[in-house]
Amino acid sequence: MEPEYDGYMEEEEEWDREGLLDPAWEKQQKKTFTAWCNSHLRKTGPQNQIENIEEDFRNGLKLMLLLEVISGEHLPKPDRGKMRFHKIANVNKALDFIASKGVKLVSIGAEEIVDGNVKMTLGMIWTIILRFAIQDITVEELTAKEGLLLWCQRKTAPYKNVNVQNFHLSFKDGLAFCALIHRHRPDLLEYNNLSKENPLENLNTAFDIAEKHLDIPRMLDPEDMVNSAKPDERSVMAYVSSYYHAFSGAQQAETAANRICKVLKVNQENERLMEEYERLASDLLEWIRRTRPWLENRTTDNTLPGTQRRLEEFRDYRRKQKPPKLEDKARLENSFNTLQTRLRLSNRPAYLPTEGKMVSDIANAWKGLETAEKGFEEWLLSELQRLERLDHLAQKFRHKCEIHEEWAAGKEDMLKSGDFKKCRLNELKAMKKKHEAFESDLAAHQDRVEQIAAIAQELNSLDYHDLVTVNSRCQRICDQWDVLGQLTQKRRDALEEAERVLERIDQLHLEFAKRAAPFNNWMDGAKEDLLDMFIVHTTEEVQGLVDAHEQFKATLGEADKEYATIVGLVQEVQRLGQQFGITPPDNPYTTLHAQDITNKWGEVKQLVPHRDTTLQQEMMRQQNNERLRRQFAAKANVVGQWIENQLDAVASIGVTGRSSLEEQLKKLQQFDKAVVAYKPNMEELEKYNQEVQEAMIFENRYTQYTMETLRVGWEQLLTAIARNINEVENQILTRDSKGISEAQMNEFRMSFNHFDKNRTKRLEPKEFKACLISLGYKIRDDKQGEADFQRIMSIVDPNRSNYVTFDAFLDFMTRETADTDTAEQVMQSFKILAGDKPYITAQILRQELPPDQAEYCIQRMAPYTGRDAVPGALDYMSFSTALYGESDL
């Protein structure tokens, strides 16, 4: 079936039955269309030419004759009657013939033609011109108006003052017509003698030469062209189409030029892709080189704020710096694969990047980056945990030191005092008892000093950043403690010497001192425990603290009884003083007063509910941490399983070979869209993970997935989809460019997959050989057969990687069935342009090729050195050979 030639007519407005053409355009169209019709009707005799286009076609006879001449076919026998219905029948036969050629006649009926409707008659003739003179024009896959316009642009490109952009104003000054004639017949006119300022002369010159030497009738009126604001486009197109058909004999040279343009365009694009690959590879490798040392650095300033800053910098790297580089890496791999495919399809040698920039080099560098990155975040989190523990220990150390220093203040002066030498006997005995109480107090403080030393030792073992301050303070306390011990022993010895003078002991004061000191120490310990800071990570640990606190509260009843007893001793002293009318002396056995005990006891009772509140708040925080763990785990278990399922599904595409490449590509694109649509889940999970890390949660027993494993899986899924899409697109490109059927492609893929047992998408030499034999390839089992097989391996594995990829396998199989451009074909095309000479000149290249591709050839062609060489001769044979890698370009 012939195609319908209505594409251009669809762009035209429908013929308005009641409207009128622009008078100037109608005049031009009448002249042009009449001349065009007569150029064909004159072949049947001068008596059949027309004079009035709207009148001479009314009976349909000359219209049918015109269609027979331009189509070379016979129409049905016309009706010879002169009645109206005879004329309508003849016109209908002509219109039916036009319609049979696939032309849609919009609003044109036989009655309008018979009635002499000028607009309808001109529209019908334009439809005939469009179908039989213009529609079949083809230039670089463009047809009709666009093809004719491109032909004019190509032919007039070298000429000054000519810029063909349309079929009206671009031809108004006549230079475009003259350029077309001079391009094909330079012997007929001198173009350089023409001027843009003489349009009428230019038009007359072109029309006269065309009529006299090219047998193209004078279809346009120069005065109408010059005087019209916008010449009629259809008239100009009809006339220009005559030029195209008259010069169609030069098509062979144009075809040869087109072939060269095509080959050079492919070569230029390949060079651009190589430069782009080198640039991307250099940028990516430089970024990896600068980033990797930062990730490999496992040192911090040993402070919590400094380590937290490093964690924020790492998060910024993962979220903002790395993703664009991962996209660059995927784009670089795709660009490399596409370039290699283009080179194979155009019979060019494989592209070998500069040293250190191979895809494998980039992959190794990226692997090294990920290896450095793998443990970086875990190390940071563990470092944070260690520093948090250190910070807590340091605060605890300072707190205990402050309590001890407060207690020890003034003790050395007290122990060094010689006041007992001047006191009375009863005061001396009181001093001895007081000293005994102090010794009890000193023993009670022994544990605190040991705790201070133990904490300082642990800070040293954990490499705390301010060890100088810690060690000096600890040493000062320990030295002071030794001095206190020595001073205490000395004072005891002195008091024992004076013990014989002690005769009276105030039992009540002594009892108070004995009870108050331990109770005071107990209260100090209770306050210290109630104010003790803690760090926990689970609700169980918090519950342990709560249970211990409850046990402590259970002892408050006994402590309250002890407090009542101690206060009762003081009250008894006061009662005796009132009873015997004396003022009770100060207690010589202790510095503690009842008010001190009362105040401390009140503080202890106030700290108990405060401790309750603190523990409850910590329990709530740990419960919230538990909620965050469950929240992250619930989402991570779903996302992790989804990623694993998607990876399995992507890996299974194309394994069976039962689906077409388009179906595989469609499935992969669907997977790609699904991944994009699923990305909010990963972002939501990143948000959960940030909340978990900000809450200082370091482990999660509810899921096996970590954010790191999910990120790696996500990146693997993105890479797998992008790589598979690129491979399938390259296979489609190979199939279409080589003309391989879908059945052949499926057979190649199924055979390859059958021997690819491990699903690595590549075959070892033994597997590849078995695959060739299964496809009917004859390989003898002797030395000659092995030599043939090694020759094949050098084709499919030029890099000697000892395996064959599917692309290389497919390329080899298609070479057995498909044909492509060769160096000999390009050489033959240059020979046509050169007029069968063994050399070509720059002038011919600039005349026949587009400017950029002509300069490309001139810069790369070597001078021709044969005996018949002329000045400026270029060697197109060596250039053609170099295009296909058979020599150096």
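How much space lies in the largest cavity? In this structure, which is a predicted model, the largest cavity holds about 60 Å³ of space, and I would like to begin there before moving on to the annotated segments, the cysteines and a handful of individual residues.

The count of cavities of 30 Å³ or more comes to three. As for the largest cavity, 10 residues line it, and those closest to its centre are Arg315, Arg319, Glu377, Glu686 and Arg711. If you follow the lining along the chain, the elements that contribute two or more residues are helix H14, which spans 304-345, and helix H25, which spans 661-694. The lining of the largest cavity also takes at least three residues from each of two domains, namely domain 2 (266-395) and domain 4 (627-733). In terms of residue character, this lining divides into six charged residues, three polar ones and one nonpolar one.

Let me turn to the segments that carry annotations in the record. UniProt, in an unreviewed entry, gives "domain: EF-hand" for residues 743-778 and 784-819. Taking residues 743-778, the model has 64% helix and 6% strand over that span, with the end C-alpha atoms 21 Å apart. The unreviewed UniProt entry also places a "coiled-coil region" at residues 263-290 and 484-511. For residues 263-290, the chain in the model is 100% helix and 0% strand, and the C-alpha atoms at the two ends lie 41 Å apart.

Asn802 has a position that falls within the annotated stretch 784-819, and it sits in the loop between helix H29 (783-796) and strand S4 (804-805). Its phi is near 70 degrees, which is a positive value in a residue other than glycine. As a reminder, most residues other than glycine have a negative phi. Is Asn802 buried or exposed? Asn802 counts as exposed, because its relative accessibility is 54%.

Asp215 is another non-glycine residue with a positive phi, in this case about 60 degrees. Asp215 is placed in the loop between helix H10 (199-213) and helix H11 (222-227), and, with a relative accessibility of 54%, Asp215 counts as exposed.

On the cysteines, I can be brief. How many disulfides does the count give? The count comes to zero disulfides. Two of the cysteines deserve a mention for their surroundings: Cys152 counts as buried because its relative accessibility is 0%, and Cys178 counts as buried at 0% relative accessibility.

I will finish with some pairs of residues that are separated along the chain, taking each together with its setting. Which residue is 620 residues from Ile260 along the chain, with the C-alpha atoms separated by 9.6 Å? That residue is Ser880. Ile260 itself is in helix H13, which covers residues 251-296, and Ile260 is buried, since its relative accessible area is 1%.

Gln616 belongs to helix H24, residues 594-652, and its C-alpha atom is separated by 8.7 Å from that of Val542, although the two are 74 residues apart along the chain. Gln616 is exposed, given a relative accessible area of 52%, and that value lies just past the cut-off, because exposed means over 50%.

Glu450 is part of helix H19, residues 446-461, and is paired here with Cys478, at 28 residues apart in sequence and 9.0 Å apart in space, C-alpha to C-alpha. With a relative accessible area of 45%, Glu450 is partly exposed.

Finally, Leu65 is found in helix H4, residues 61-71, where its C-alpha atom and that of Thr44, which is 21 residues away along the chain, are separated by 8.7 Å. Why is Leu65 described as partly exposed? The reason is its relative accessible area of 23%, since buried would require a value under 20%.

Key. Residues are numbered from 1 along each chain as its sequence is written. This is a predicted model: local features need pLDDT of at least 70, side-chain atom pairs count only at pLDDT 80 or more; totals for chains, interfaces and linings use all residues. Side-chain values use heavy atoms; hydrogens and water are left out. A disulfide is a pair of cysteine sulfur atoms within 2.5 Å. Buried means under 20% relative accessible area, exposed over 50%, partly exposed in between (1.4 Å probe, protein chains only). UniProt positions are given in the numbering used here, feature names are shortened, and annotations may be inferred rather than shown by experiment. Helices (H or I, at least four residues) and strands (E, at least two) are DSSP runs, numbered from the N terminus. On a 1 Å grid over the protein atoms alone, a cavity is a set of points where a 1.4 Å probe fits but cannot get out, and a pocket is an open set with protein on both sides within 12 Å along at least five of seven lines; lining residues have an atom within 4 Å of a point. Grid points are joined across faces, edges and corners, and a volume is the space filled by probe spheres set on the points. Ala, Val, Leu, Ile, Met, Phe, Trp, Tyr, Cys and Pro count as nonpolar, Asp, Glu, Lys and Arg as charged, and the others, Gly among them, as polar. Domain bounds come from an automatic or database domain assignment.
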